[in-house]
Amino acid sequence: MLRLEKRPSPSRTWAWATPVLAVVLTMIAGGIMFAALGKDPVEAIRTIFWDPLFNPQFASYSRPQLLVKAGPLILIAVGLSLGFRAGIWNIGAEGQYIMGAIFAAGVGLALYPVETRWVFPLMVVAGIFGGWLWAMIPAVLKTRFNTNEILVSLLLVYVAQNILASMSLGLLRNPEGGGFPGSRNLSQIPAMANPELIAGTGMHWGVVAAFVVVIAAYVLLQRHILGYHIKLAGQAPRAARFAGVNPTRLTVLCMGISGALAGMAGMFEVTGPAGQISIDFNTGYGFTAIIVAFLGRLNPIGILLAGLLMALTYIGGELASFMLSLPSAAIQAFQGMLLFFLLAVDLLTNYRIRLKKREIA
Amino acid sequence: MTGTELLAISGVTKAYPGVVANSDVSFQIAEGEIHALLGENGAGKSTLVKMIYGLVKPDAGTMRFRGQSYQPTEPRQARATGVAMVFQHFSLFEALNVAENVALGMENPPPMRELSSRIKAVSQEYGLPLDPGRMVGDLSAGERQRVEIIRCLLQDPKLLIMDEPTSVLTPQEVEILFKTLRKLASEGTAILYISHKLEEIRTLCDEATILRRGKVVATCTPRERTAREMAELMVGATLTPPARNAKAKGAVALQVTGLSVASPIPFGTSLKDIGFSVARGEVLGIAGVAGNGQDELLLALSGEVRTARDTVKIDGAGMGDKGPNDRRAAGLVSAPEERLGHAAAPDMSLVENALLSGAVRKGLVSGGFIDWAKTAAFAAGIVKDFDVRTPGTHVAARALSGGNLQKFVVGRELSQAPGVIVINQPTWGVDAAAAAAIRQAILDRAAEGAAVVVISQDLDELLEIADNFAALNEGRLTAPRPVQGLTIDEIGLMMGGAHGMEVAHHGA
C-alpha cells in the first residue's frame, strides 16, 4: 500500500524536479491521447516540442514566435505569482491586459498624428495605469467589503471584453478603416510602434520588460523585506500580522503589481504583435499566465522557463493541428494535462511516498 | 480499591523516525483504580495512550484487556471494548449545541430528545451540570470539558483516559472534577490519569507509573512519596528553582488603561476595560483559565489589534493605535502562545523566522533590503544562547520539536534587549529543564530592567516568577496583587471561582 509521509523540510531537489516530471508525464499521457485519436504519438509530440525550434521548414517562422508569445505570458505570470505567493488570487489578468491595451491605444490615438519620441513611453505609462486601475476594483472591494477577489477579478474580464468590443466598434475605430471594426494599426505608426528589435528573434520591448521584471521579482523575493512579507503572508497569515504586515496594504500592492504588469503586457501587444485594438484582441494570455505561474513554481526564474515552454506548446500545438489535423480541443486538453500533472506531482515536494504493506490486525 | 486486572501492557515499544517514543513499557491497571501516568513533555505519555486508544499501532509488545488480547486498530474498536478518552484539546464544534456535539461522537446516537434527557441524567448523577441545549461556543473551557467527559460516560466505559484534564480548570473546578472521578472509580471504572502536576496526582491517584524518555523508570504509590521525589524521578536530575535577585523597581514602562477590544477571533472573548501597569524590573503574572481573553490581550499588547492611542502606553508614549513594528521600535517585544503559524512560520527556516520579529530592533533591514548575513548570525546566536537543539539554522521551523521551537521563539524576543516583554504561555509544552531555563532568562531580563507581562495557565509558574498577580476572567482583569501572601483559594476566586459549579456541589 502506498503511504504519504510528510517531509520534515520541503525537498529542494523535488521542488525543481517536479516540473520536469510533470512535463514527462504530460508527454506520456498526451501521447496516449493522440494515439487514441489515431495519430502517431511520437510524431505528434515531436511536432509540438521539436519542430517549432529545429524543423528547417517551420523554424524560421516559429522560432521568433517563441519570444513573442512567451513575453506577455512571463510578464503577466510574474505579477500574478507575487499575489499567489501572498494568498491573493487575481484570476482576472486577462481583463487587466485588455484594459492596459485600451488605455495605451487610447492615449496614443488621442495624440495621433503627433510624431515625437515621448508618445511611446507615455503609452507604456497609460497601459500600466489601465491594468492597475482594473485590478484596483477587486482589491478595493476586497479590502473594504471583504468580497472575494477571485470572483470579482474573473467577472471583470467579461466586462473588459465588452468594453473592448465597444472600443473597436466605436470610440477607437479607425476613421479610415472603411467601417470595419478595429482601431488604426499602431504598429505602423512609428511613434507608437513596438517593433522587433533584433530581426528574426521576435525580441520586442515587451520581451525586454519581461526579462527585467523576472530579475526584479527575483531580487524582491530573495532580498527585499516586501518579498519576505509576501511569502510570509501566504504561508502563515497570522505570523505575517505578528511581523507587522498590514494585510490591506499587501492586498492592494499585490493586486496593483499584477494588474500593472498585465496592463503593460497588453500595451506591448497592442503596439506590436497584435497591432491594433480589435474585438478579438485578447487571446487568453491572462488565463494561460496562471498556468505559467504555477508551472514555474511561483518562482521568477521558473516562470521564465515555464513561459517559454508554454509558448512552445502553443506554437507546437498550432503546428500539430495544422500538420496532423489534430483537433484544437486535443491541444487544449494537452495543455490542461500539463497543469494537472504539475499540481498532482507537486506533493512530492512536501511528502515522500512510502511503500508499505498493510498490517493485518 | 484495587481489584482484578483490567488492562495489562507488557513490553510495548513504538519508534518514530529518529526517536523512540516508547521502549519496552509495561504496567497494569486494575478495575476501579485511578492510575497516574507521569512524565515530562516528550516522555512518551501521549504515544502510550494513543496506542491504548487505537490511534497508533505499537511496533512490539502486547496489551490485554480483561484477560483478552487487545489490539485496537482504530478508536472505534477501543470504544467498543470499553476504553474512552478525554483529550487535552477538545474536539467540539462551537456552532453546535451540547447534545449535537455529543451525538457526533457516538456510533448510534439515540433521538435528540432521548439523548438530551440522558445527558441531563448523567450530568446530575456525576455532579457535572450541563444544559444539553446550550451552544458550545458560549461555554467556558471547564464546561466544554464536561461535554467531553459526559460524551465518554454515555458509552459506559471500563477505562477512562484523561489527558492533562486540569490544565483548563480553576482550582475549585479541579476539586469538583476529582469528586466526579472518585465517584466513577468507586463504581468500578478505571481511570488512567495523565499529568505532570504532582500535587494533583498525590491527592487523586492510587498508583503511578513514571515515564522518562519513553521508558518506565519507576512505579509508586503517590500518597507515599513527596512531590519532590516524584519530580526528580520524572526529570532524572535534581532541579534548581530559578534564582531571583531582589531588585528595586523602576519607572512604569507599560501602562494599560481602559482597554476594551472586541475579539477578532470567532467565539473569542472580548476584553473589557482592562487596566494595569508594569514597572521596569517587575514581572506581572496574568493567570486565567484558557479562553478568558489571553489571546486577545496578547494581540492588543503586541499591536496586532489596535485600539485608541492612550489605552496602551510604552514608557509614557501612547502606542495603542500603532502596529507591531512601531511597538517593537518603542521597546515592546511579544511572544504569542501558538508557536507554529503565529510566532513562527512553519515552512520557513530558522533564519527567516529570526527576521520575523527581529527585523526592527536588530536592524536586519536597511533601505528595504534584508541583510541575510546579519540575520543568520542573529538566528545562530539564539540557537546557541537558548540551547535550541537543531541540526542548523537552515531547517524549517516545523521540523523542530515543540519545546525547541518555544526556546527559539522566546529566545528571539528576549535577545532584542527589550524594554517591555509580553509572553503568553512561555513554557507550554517545554520539558522541565528547558522551562527552568526560559523562566530564568525572563527573570534575568527583568533584573536588567525590563517590564515583563507573563500570561500563563500554569499557576506554579506564575507564583514562581511573578512579583504581582492578576487573573483574566471572561475578558476582565482583576486588580494586580503582590504574589507574596496570596493563598490558592484567593487565586481561585480571582480566576472566577468554579464557573457555575456551585450547583454541582449541591447535586453531588
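This is a short talk on a two-chain protein model, chain A and chain B, and on how the two chains meet.

Hi everyone, and thanks for coming. Please keep in mind throughout that this is a predicted model. I'll take the chains one at a time, then the interface between them.

Let's start with chain A. Its secondary structure comes to 14 helices and two strands. Along the principal axes, the C-alpha atoms of chain A fill a box of roughly 80 × 55 × 35 Å. How does the radius of gyration of chain A sit against that of a compact globule? For 361 residues, a compact globule would come out near 21 Å, and chain A has 22 Å, so the two agree.

Two local features in chain A are worth finding on your screens. One is a peptide bond: going from Y112(A) to P113(A), the bond is cis, with omega near 5°. P113(A) lies in the loop between α5 (93–111) and α6 (119–145) of chain A. As background, most peptide bonds are trans.

The other feature is a salt bridge. R297(A) pairs with D346(A), and their closest N and O atoms are 2.7 Å apart. This pair links distant parts of the chain, with the two positions 49 residues apart. R297(A) is in the loop between α12 (285–295) and α13 (300–323), while D346(A) is in the loop between α14 (328–345) and β2 (351–355). Over all chains, the whole structure has 26 salt bridges.

Now over to chain B. Here we have 17 helices and 23 strands. The box filled by the C-alpha atoms of chain B is roughly 70 × 45 × 40 Å along the principal axes. With 508 residues, a compact globule would have a radius of gyration near 23 Å; chain B has 24 Å, which agrees.

Chain B is divided into two domains: domain 1 covers 5–235 and domain 2 covers 252–494. Taken over C-alpha atoms, their centres are 32 Å apart. What does the contact between these domains look like? It involves 16 residues of domain 1 and 16 residues of domain 2. Together the domains bury about 1200 Å², with 60% of that on carbon and sulfur atoms. Between the two domains there are zero salt bridges, and the count of residue pairs in polar contact is also zero, taking pairs with both residues at pLDDT 80 or more. On the domain 1 side, the largest share comes from helix α6 (residues 171–186) of chain B, with three residues. That side divides into six nonpolar, seven polar and three charged residues.

While we are in domain 1, have a look at E164(B). Its phi is near 45°, a positive value in a residue other than glycine. You'll find E164(B) in the loop between β7 (159–163) and α6 of chain B. For comparison, most residues other than glycine have a negative phi.

That brings us to the interface between the chains. How many residues does each chain bring to the contact? Chain B gives 34 and chain A gives 24. The buried area between them is about 2500 Å², and carbon and sulfur atoms account for 59% of it. Three residues stand out on chain B: M348(B), L356(B) and R398(B) supply 22% of the area that chain B buries against chain A, more than any other three residues.

Which side chains form the one salt bridge between chain B and chain A? They are R238(A) and E338(B), at 2.2 Å from N to O. Across the interface there are also 11 residue pairs in polar contact, with both residues at pLDDT 80 or more.

As for where the chain B side comes from, α10 (324–329), α11 (350–358), β18 (369–370) and α13 (402–414) each supply at least two residues. Of the elements in chain B, α11(B) gives the most, with five residues. By residue type, the chain B side divides into 16 nonpolar, nine polar and nine charged.

If you'd like one place to begin browsing, try α11(B) at the interface with chain A, then the pair R238(A) and E338(B). Thanks for listening!

Notes
Residues are numbered from 1 along each chain as its sequence is written. Chains are lettered from A and ligands numbered from 1 in the order in which they are written. Side-chain values use heavy atoms; hydrogens and water are left out. Domain bounds come from an automatic or database domain assignment. Contact means heavy atoms within 4.5 Å. Buried area is the accessible area (1.4 Å probe) that two parts lose on being put together, summed over both. A salt bridge is a side-chain nitrogen of Lys or Arg within 4 Å of a carboxyl oxygen of Asp or Glu. A polar contact is a pair of N or O atoms within 3.5 Å; within protein, one must be able to donate a hydrogen and the other to accept it, and residues adjacent in sequence count only if both atoms are side-chain atoms. Helices (H or I, at least four residues) and strands (E, at least two) are DSSP runs, numbered from the N terminus. Ala, Val, Leu, Ile, Met, Phe, Trp, Tyr, Cys and Pro count as nonpolar, Asp, Glu, Lys and Arg as charged, and the others, Gly among them, as polar. The radius of gyration is taken over C-alpha atoms; the globule rule is 2.2 Å times the number of residues to the power 0.38.
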